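Here are my notes on the model, set out as numbered points so that each can be checked against the coordinates. They begin with the pocket and then move on to the two sheets and a few individual residues.

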Amino acid sequence: NSGDSVIVDYKLLPYPSRAASAPSKPVSVSLTEFHFLMLFRDKFQIINQLSEEVVFEQIFDQPRVTGSMRGLARDPINNNVFLFSDTSVYEIQVANEDRSIWRCYLEKGMYDSALQYCKDLSQRDIVQNSQADHYFAEGQFELAARFYAKTMRSFEEITLKFINIGERDALKTFLINKLDNIKNTDATQLTMICTWLVELYLDKLNC
């Protein structure tokens, strides 16, 4: 019953077993939008929530100088993190936290989320190519065609993919959607695609 709990989504972060070099317990933990912040007595780690990889680590290997780490506090307004020990306070500035998040979502097959965090056209092209290849491999050829039409992949390569498997309807879908992504100044390719579409429609009428 959804009314029995305030938790709607959760994920457990794997913690090393006792056999793994007897890891110490974190003395303080905090969260940002995409990362776990974990402070230990002798180190500070930032762990990506999606990939579960350590993306930043600061070792405090001179306890006589730094003292034993006691806790951390996060400033959500300025996006800074303050670490404090017996003798010192350290400030860590967090910048461009979401710069690689698009790839993390892509690796999980979460294409819409990956596109949301893309920073430029080249990243969007990687995501849309991956999405189109996924649908093609799943046999959803017309859906794949719509996404291939948004990419910068070779026109000849994509048309041959559909021709070689006899998917004329998917080829037609690709050509129709490709028209929306071609500049009006590219008269040669526009003419070629329109001619090809007319031939496909005539062939279907003659069947």
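1. Which strands and helices each supply at least two residues of the lining of the largest pocket? In this predicted model, the elements that do so are β2, β3 (43-48), β4, β7 (89-93) and α2 (101-107). Among these, α2 gives the most to the lining, with 3 residues.

2. The space in the largest pocket comes to about 420 Å³, and 20 residues line the pocket, with His35, Ile46, Val55, Glu97 and Arg99 lying nearest its centre. By residue class, the lining divides into 8 nonpolar, 7 polar and 5 charged residues. Anyone who intends to look at this pocket may wish to start from the five residues named as nearest the centre.

3. Three of the elements named above, β2, β3 and β4, also belong to an open sheet of 4 strands, which runs in the order β1-β2-β3-β4 with antiparallel pairing. Its edge strands are β1 (28-31) and β4 (54-59), each of which pairs on one side only. Averaged over this sheet, and with direction ignored, neighbouring strands are turned by 10 degrees against each other.

4. Within that sheet, β1 is paired with β2 (residues 35-39) in the antiparallel sense, over 4 bridges. One residue pair can be used to check the register by eye, since the bridge partner of Ser28 is Leu39 in β2. As general background, strands of a sheet pair through backbone hydrogen bonds, in either a parallel or an antiparallel arrangement.

5. A further open sheet is formed by 3 strands in the order β5-β6-β7, again with antiparallel pairing. Here β5 and β7 are the edge strands, each pairing on one side only, and neighbouring strands are turned by 20 degrees against each other on average, direction ignored. Strand β7 is thus a point of contact between two topics of this note, being an edge strand of this sheet and a contributor of at least two residues to the lining of the largest pocket.

6. The strands β6 and β7 are joined by a hairpin through 3 residues, and they pair in the antiparallel sense over 5 bridges. Two of the residue pairings can be named: Val81 stands opposite Ile92 in β7, while Leu83 has Tyr90 of β7 as its bridge partner.

7. Is Asn80 buried or exposed? This residue, which has its place in strand β6 (residues 80-85), has a relative accessible area of 11% and is buried, because the cut-off for that class is under 20%. Leaving aside residues up to four places away in sequence, Asn80 touches Ala73, Arg74, Asp75, Glu91, Ile92, Gln93 and Val94.

8. Two asparagines deserve a look at their backbone angles. Asn79, in the loop between β5 (69-75) and β6, has a positive phi of about 60 degrees although it is not a glycine, and at 22% relative accessibility it counts as partly exposed. Asn96, in the loop between β7 and α2, likewise has a positive phi, near 50 degrees, in a residue other than glycine; with a relative accessible area of 57%, Asn96 is exposed.

Technical notes. Residues numbered from 1 in each chain as written. Predicted model: local features only at pLDDT ≥ 70, side-chain atom pairs only at ≥ 80, totals over all residues. Heavy atoms only, no water. Pairing = 2+ DSSP bridges. Axes fitted to C-alpha atoms, helices over the stretch in contact; angles between N-to-C directions. Buried < 20%, exposed > 50% of the residue type's maximum accessible area, 1.4 Å probe, protein only. Contact = heavy atoms within 4.5 Å. 1 Å grid on protein atoms, 1.4 Å probe; cavity = no way out; pocket = protein on both sides within 12 Å on 5 of 7 lines; lining within 4 Å. Points joined across faces, edges and corners; volume = space filled by probe spheres on them. Nonpolar A, V, L, I, M, F, W, Y, C, P; charged D, E, K, R; others polar.
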